[in-house]
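Biologist: Please take a close look at one single part of this model. I should like to know how that part is placed, what surrounds it, and how the remainder of the chain is arranged.

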Amino acid sequence: MNPYILATLIFGLGLGTTITFASSHWLLAWMGLEINTLAIIPLMAQLHHPRAVEASTKYFLTQATAAAMLLFSATTNAWLTGQWDILQMSHPLPVTMVTLALALKIGLAPLHSWLPEVLQGLDLTTGLVLSTWQKLAPFALLLQIQPENSLLLIALGLISTLIGGWGGLNQTQLRKILAYSSIAHLGWMILVLQFSPALTLLSLLTYFVMTFSMFLIFKVNKATTVNSLAVAWTKMPALTSLAPLVLLSLGGLPPLTGFMPKWLILQELASQDLPAIATIAALSALLSLYFYLRLSYAMTLTMSPNNISGAAPWRLPQTQLTLPLAASSLASLSLLPLTPAALALLKF
């Protein structure tokens with residue numbers, strides 16, 4: 001892709017998200033979401049591969065449906081209350097509709113079925129943008145409206161954690177596994193959204209760091225399937241020994257960074273007299289942990305010469321920058337001691 005066109009599209013991504021961040025009017029927020037969507041679609045289709053074009057088409061149709069729902073709910077709110085302010089969503093009907101529209105945009109279950117298929121058709125770099133940056137603008141709107149429909153949010157959160165864990169169990173494609181991992185993590189964030197929006201934001205940022213690290217590890221290894229991870233040990237032993245720790249951090253095991261948001265979310269749910277919800281969420285994390293352990297096993301405990309039909313990758317020197325990978329991996333593994341500082345920030 002022409003670098004000027006690429007720079008324009010990346011600028012459009014940033015502009016759309018910034019407009020949504022800064023808006024207090026529903027039409028302006030909707031415009032920011034549309035700019036964001038239209039900027040990423042050429043990036044998704046740049047490979048000119050049938051799967052990439054199919055993924056771009058599915059993504060466009062899904063986001064257009066969610067945007068139409070969002071606009072309809074904002075219009076309904078203006079009709080019922082007489083104003084377009086995001087912070088003044090008070091009627092339960094538009095609040096429910098806009099929550100479902102934003103759930104469709106970020107891929108919460110049961111509105112999730114587009115996300116694994118779309119992510120599977122993309123290269124790892126664009127998939128990383130879709131899994132991280134594209135979540136920011138809808139989450140900014142969710143944090144602003146702070147929907148009080150507790151039953152809807154708890155249902156979306158629980159279904160997402162269960163489907164995110166259950167759906168990834170039998171997958172062999174790494175991008176689909178990361179998509180189901182995204183759905184499960186989003187479920188944890190939505191569970192605690194109405195009780196502690198700051199904790200949702202902390203969980204989102206932690207998820208971004210760990211997912212960024214995981215995508216970069218797969219990108220360095222040029223791996224897109226579980227079986228292709230078997231050759232990682234012979235190519236990069238240091239990185240391969242680090243990757244299972246990042247995967248376990250995604251699973252939420254102590255003493256790694258990923259334990260912090262899950263711990264705080266379970267503590268918050270218990271303090272809100274929701275022990276059954278907290279128990280189901282904690283048990284659903286075991287499903288996700290299973291396929292993270294499966295990836296760890298494929299990377300570290302399987303031998304390279306196997307019966308997979310495919311060309312062996314060349315062991316050429318790496319040319320891509322590994323400093324972002326080093327920084328994100330360090331953050332994914334070692335931020336748990338900062339939990340008291342995070343708790344102090346959450347109280348403000």
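**A close look at glutamine 63 and its surroundings**

Modeller: Glutamine 63 is buried, since its relative accessible area is 4% (buried is under 20% relative accessible area, exposed is over 50%, and partly exposed lies in between, using a 1.4 Å probe and protein chains only). The model is predicted, so local features need pLDDT of at least 70 and side-chain atom pairs count only at pLDDT 80 or more, whereas totals for chains, interfaces and linings use all residues. Residues are numbered from 1 along each chain as its sequence is written, and side-chain values use heavy atoms, with hydrogens and water left out.

Glutamine 63 belongs to helix H3, residues 50-81 (helices, H or I of at least four residues, and strands, E of at least two, are DSSP runs numbered from the N terminus). When neighbours within four places in sequence are set aside, glutamine 63 touches Glu34, Thr37, Leu104, Lys105 and Trp114, a contact being heavy atoms within 4.5 Å.

Two of these partners lead to helix H4. Leu104 and Lys105 are contacts of glutamine 63, and they also appear among the buried residues of H4. Of the 15 residues of H4, 11 are buried, and the helix is mostly covered. Besides the two partners just named, the buried set includes Pro94, Val95, Met97, Val98 and Thr99. Ala101, Leu102, Ala103 and Ile106 belong to it too. The helices against which these buried residues pack are H2 (26-44), H3, H5, H7 (136-145), H8 (150-167) and H9 (174-191). In length, H4 agrees with expectation: its 15 residues should span 21 Å at 1.5 Å a residue, and its end C-alpha atoms are 21 Å apart (the expected span is 1.5 Å times one less than the number of residues). Glycine 107 follows H4 and has a positive phi, near 95 degrees.

Beyond H4, the loop that runs between helix H4 (92-106) and helix H5 (114-120) contains proline 110. The peptide bond leading from alanine 109 to proline 110 is cis, with omega near 5 degrees. Another cis bond joins proline 254 and proline 255, where omega is about 5 degrees; proline 255 is located in the loop between helix H12 (237-251) and helix H13 (259-271).

How enclosed is H9, one of the helices that meet the buried residues of H4? In H9, 18 of the 18 residues are buried, so the helix is largely enclosed by the rest of the structure. From its first C-alpha to its last, H9 reaches 26 Å, close to the 26 Å expected for 18 residues at 1.5 Å a residue.

The record offers a further view of these helices. In an unreviewed entry, UniProt lists "transmembrane region" for residues 59-80, 92-115, 151-170, 177-195, 201-218, 230-254 and 274-293; such positions use the numbering given here, feature names are shortened, and annotations may be inferred rather than shown by experiment. The span 59-80 is 100% helix and 0% strand, with its end C-alpha atoms 31 Å apart. Likewise, residues 201-218 are 100% helix and 0% strand, and their end C-alpha atoms lie 26 Å apart.

Two loop residues contrast with the buried glutamine 63. Most residues other than glycine have a negative phi, and most peptide bonds are trans. Lysine 222, although not a glycine, has a positive phi of about 55 degrees. The loop holding lysine 222 lies between helix H10 (197-221) and helix H11 (232-235), and lysine 222 counts as exposed because its relative accessibility is 64%. Aspartate 273 also has a positive phi, near 60 degrees. Its loop runs between H13 and helix H14 (275-300), and aspartate 273 is exposed, with a relative accessible area of 67%.

For the chain as a whole, the secondary structure comes to 16 helices and 0 strands. Of its 348 residues, 52% count as buried. Among contacts between residues at least 6 apart in sequence, 78% join residues at least 24 apart. Taken along the principal axes, the C-alpha atoms fill a box of roughly 65 × 50 × 35 Å.
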